[in-house]
Amino acid sequence: MSKPLSPGRLEAFSDGVIAVIITIMVLELHVPTKEISNTDGLRALLPLLLVYLLSFVQTGIYWVNHHYLVDDLDHVTHGILWSNLAFLFCLSLIPFATTWIGNRGISPFAVSLYAITCALPALAWIILSTAICRTTGQPLAGSPVKQLTSTALYLGAIPVSYHSTNIALGMLVLVAILWLLPPKKVIEQTRALKSDKPSHSNPS
């Protein structure tokens, strides 16, 4: 009888891909030429820096929640492997949209393209998390309402960008803020671990 597939390789591979995604983004931050002043160079680079920060935070949030998601896995299925690959593919498109804004500036098309590349991993994440929860029998660490709200904000930012790029970017920033707060399940587990630790009183 064959042994069940270990989730260790899935997690290690995912960590490596996400690390490469972050590395690719930072490599696109080029120092301006000497032909312009330092102030003008920073001003020209500022939009890309801000979008890079947003992309970094979003990628980091996915990495953290991916860790929570696979923590309960004791084996992986064929469906989980392909769902994870689909998620990583969608996530790998974020550097492309980040660079697009950096090279072409903030415009309705650029922001809508960026919103699309944010929405795709969110949709793929729902598929992946559903597949994993069916295997483990455990509920999601994050709120399903928060997932649906985030996806709605991503998709809503696409048409909104053609009316106001600032509002559309604000919607994307709001998603990042929502997910910076740890899931309730993780907070409860952390508190439980702290309460289980023996207390060491100082000798009198």
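**Notebook: cavities and helix packing**

I began with the largest cavity, in which about 190 Å³ of space lies. I note at the outset that the model is predicted. I then looked up how many cavities of 30 Å³ or more the structure holds, and I found two.

**Entry 1: the lining of the largest cavity**

I asked which residues, of the 14 that line the largest cavity, are the closest to its centre. They are Tyr62, Ala122, Ser150, Tyr154 and Trp179. I next looked up the elements that give two or more residues to this lining, and I recorded helix 2 (38-70), helix 5 (108-136), helix 6 (144-160) and helix 7 (165-180). Sorted by class, the lining has nine nonpolar and five polar residues, and I found no charged residues in it.

**Entry 2: helix 1 and helix 3**

I turned to the pair formed by helix 1 (residues 7-27) and helix 3 (residues 78-91), whose axes come within 10 Å and cross at roughly 5°. Because angles under 35 degrees count as roughly parallel, I entered helix 1 as roughly parallel to helix 3. From helix 1, I listed Leu10, Phe13, Ser14, Val17, Ile18 and Ile21, which meet Ile80, Leu81, Asn84, Leu85, Leu88 and Leu91 in helix 3. I counted the residues of this contact of helix 1 with helix 3 by class as 10 nonpolar, two polar and no charged.

**Entry 3: helix 2 and helix 4**

I looked up helix 2 again, this time against helix 4 (residues 94-104); the two axes come within 9 Å and cross at roughly 165°. I therefore recorded helix 2 as roughly antiparallel to helix 4. The crossing in which helix 2 passes helix 4 is right-handed. On the side of helix 2, I noted Leu48, Val51, Tyr52, Ser55 and Thr59 in the contact, and on the side of helix 4, Ile94, Thr98, Ile101 and Gly102. The contact of helix 2 with helix 4 has five nonpolar and four polar residues, with no charged residues.

**Entry 4: helix 4 and helix 5**

I followed helix 4 to helix 5, and found the two packed at an angle of about 165° with their axes 9 Å apart. That angle makes helix 4 roughly antiparallel to helix 5. Which hand does the crossing of helix 4 and helix 5 have, left or right? I recorded the crossing of these two helices as left-handed. In helix 4, I listed Ile94, Phe96, Ala97, Thr98, Trp100 and Ile101, which meet Phe109, Ala110, Leu113, Tyr114, Thr117 and Pro121 in helix 5. By class, I entered 10 nonpolar, two polar and no charged residues for the contact of helix 4 with helix 5.

Technical notes:
Residues numbered from 1 in each chain as written. Predicted model: local features only at pLDDT ≥ 70, side-chain atom pairs only at ≥ 80, totals over all residues. Heavy atoms only, no water. 1 Å grid on protein atoms, 1.4 Å probe; cavity = no way out; pocket = protein on both sides within 12 Å on 5 of 7 lines; lining within 4 Å. Points joined across faces, edges and corners; volume = space filled by probe spheres on them. Helix = DSSP H or I, 4+ residues; strand = E, 2+ residues; numbered from the N terminus. Nonpolar A, V, L, I, M, F, W, Y, C, P; charged D, E, K, R; others polar. Axes fitted to C-alpha atoms, helices over the stretch in contact; angles between N-to-C directions. Parallel < 35°, antiparallel > 145°, perpendicular 65-115°, else oblique. Contact = heavy atoms within 4.5 Å. Left-handed = near helix turned anticlockwise from the far one by under 90°.
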